[in-house]
Amino acid sequence: IGVQLERKQDDDWLLRISLQSFWTIGRVIVNGLITGKQLYSQYYGLEPGDIFDTYKHEHSLERIRAQLKKEGYFDGQVAADLVYHNTNKLVDVVLRIRRKQQFVIGTITVQAVCAHTPGGSESNAVAERAQKILCKRFTSNYYNHQTLTQAAQALKRYCIKRGFGAARIQL
């Protein structure tokens with residue numbers, strides 16, 4: 001709120017009040033998906049009633065893109081249309097999400113490198129077992145970052161049981 005007081009004449013005063021406000025979020029609408037709208041709208045960091053912030057808006061779009069990639073939608077597209085309502089200073093956000101094709105894991109190659117016994121039978125046995133575990137779980141299945149991370153943790157536990165406590169798993 002801005003207030004100005006001006007003296008017009010001897011006994012006359014002019015009081016000017018200017019009202020200023022921020023743009024606030026009206027609605028967040030997700031288009032382009034049949035299912036999963038609620039899942040992706042939770043990654044949008046602004047809610048109805050919040051002050052519209054372009055930085056938070058762009059950051060939220062990046063979070064949605066990152067989630068799409070974690071689910072294997074590497075070619076997914078995220079865009080937003082902003083609809084401004086001047087009468088009540090609201091911004092409706094219309095998110096347009098296109099998942100496109102989910103990537104499938106083709107082949108998996110496991111390479112065991114052992115610092116103490118290069119090419120040893122024990123490290124080869126671990127590599128063969130890891131190859132079987134991962135191929136069975138992932139070959140011809142859709143990519144999912146969470147599932148892949150869980151498999152890497154299981155593989156790490158297997159390596160520890162086999163005496164390779166300092167094993168490093170790289171994906």
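Q: A strand is a DSSP run of E, at least two residues in length, numbered from the N terminus. Between which two strands does lysine 89 lie in this predicted model?
A: Lysine 89 sits in the loop that connects strand S4 (77-85) with strand S5 (90-98).

Q: What makes the phi of lysine 89 worth a second look?
A: Its sign does: the angle is near 55°, which is positive in a residue other than glycine. Most residues other than glycine have a negative phi. S4 and S5 form a hairpin with four residues between them, and lysine 89 is in that turn.

Q: Why is lysine 89 called partly exposed?
A: The relative accessible area of lysine 89 is 26%. Buried means under 20% and exposed means over 50%, with partly exposed in between. Because 26% falls between those two cut-offs, lysine 89 is partly exposed.

Q: Where does lysine 100 lie, and what is the sign of its phi?
A: Lysine 100 is in the loop between S5 and helix H3 (121-138). Its phi is near 65°, again a positive value in a residue other than glycine.

Q: How do you know whether lysine 100 is buried, partly exposed or exposed?
A: Lysine 100 has a relative accessibility of 43%. That value is neither under 20% nor over 50%, so lysine 100 counts as partly exposed.

Q: Why is leucine 5 called exposed?
A: Leucine 5, in strand S1, has a relative accessibility of 57%. The cut-off for exposed is over 50%, so leucine 5 belongs in that class.

Q: What makes up the nonpolar surface patch?
A: Val3, Leu5, Trp13, Leu15 and Ile17 form it, and the patch covers about 560 Å². S1 (2-7) and S2 (13-18) each supply at least two of its residues. The largest share, three residues, comes from S2.

Q: How do you know that S3 and S5 are paired?
A: Two strands pair if DSSP finds at least two bridges between them. S3 and S5 have six bridges, so they meet that requirement, and they pair in the parallel sense. Isoleucine 25 stands opposite valine 91 in S5, while valine 28 stands opposite valine 93 in S5.

Q: How do you know that S4 and S5 are paired?
A: Nine bridges join S4 to S5, against a requirement of at least two, so the two strands pair. They run antiparallel. Tyrosine 84 stands opposite valine 91 in S5.

Q: Why are S3 and S4 said to stand at the edges?
A: The open sheet has three strands in the order S3-S5-S4, with mixed pairing. S3 (24-31) and S4 each have a single partner strand, so one side of each is left without a neighbour in the sheet. From one strand to the next, the twist averages 20°.

Q: Which helix lies across S4 and S5?
A: Helix H2, residues 54-70, does, and it runs at about 150° to S4.

Q: Why is glutamine 150 called partly exposed?
A: Glutamine 150, found in helix H4 (residues 145-161), has a relative accessible area of 42%. Since that is over the 20% limit for buried but does not reach the over 50% needed for exposed, glutamine 150 is partly exposed.

Q: How far apart are glutamine 150 and serine 21?
A: They are 129 residues apart in sequence and, from C-alpha to C-alpha, 48 Å apart in space.

Conventions:
Residues numbered from 1 in each chain as written. Predicted model: local features only at pLDDT ≥ 70, side-chain atom pairs only at ≥ 80, totals over all residues. Heavy atoms only, no water. Buried < 20%, exposed > 50% of the residue type's maximum accessible area, 1.4 Å probe, protein only. Patch = residues over 30% accessible without salt bridge, like charges linked within 9 Å, V, L, I, M, F, W, Y side chains within 5 Å. Areas by Shrake-Rupley, 256 points an atom, 1.4 Å probe, with all protein chains shown as cover. Salt bridge = Lys/Arg side-chain N within 4 Å of Asp/Glu carboxyl O. Axes fitted to C-alpha atoms, helices over the stretch in contact; angles between N-to-C directions. Contact = heavy atoms within 4.5 Å.
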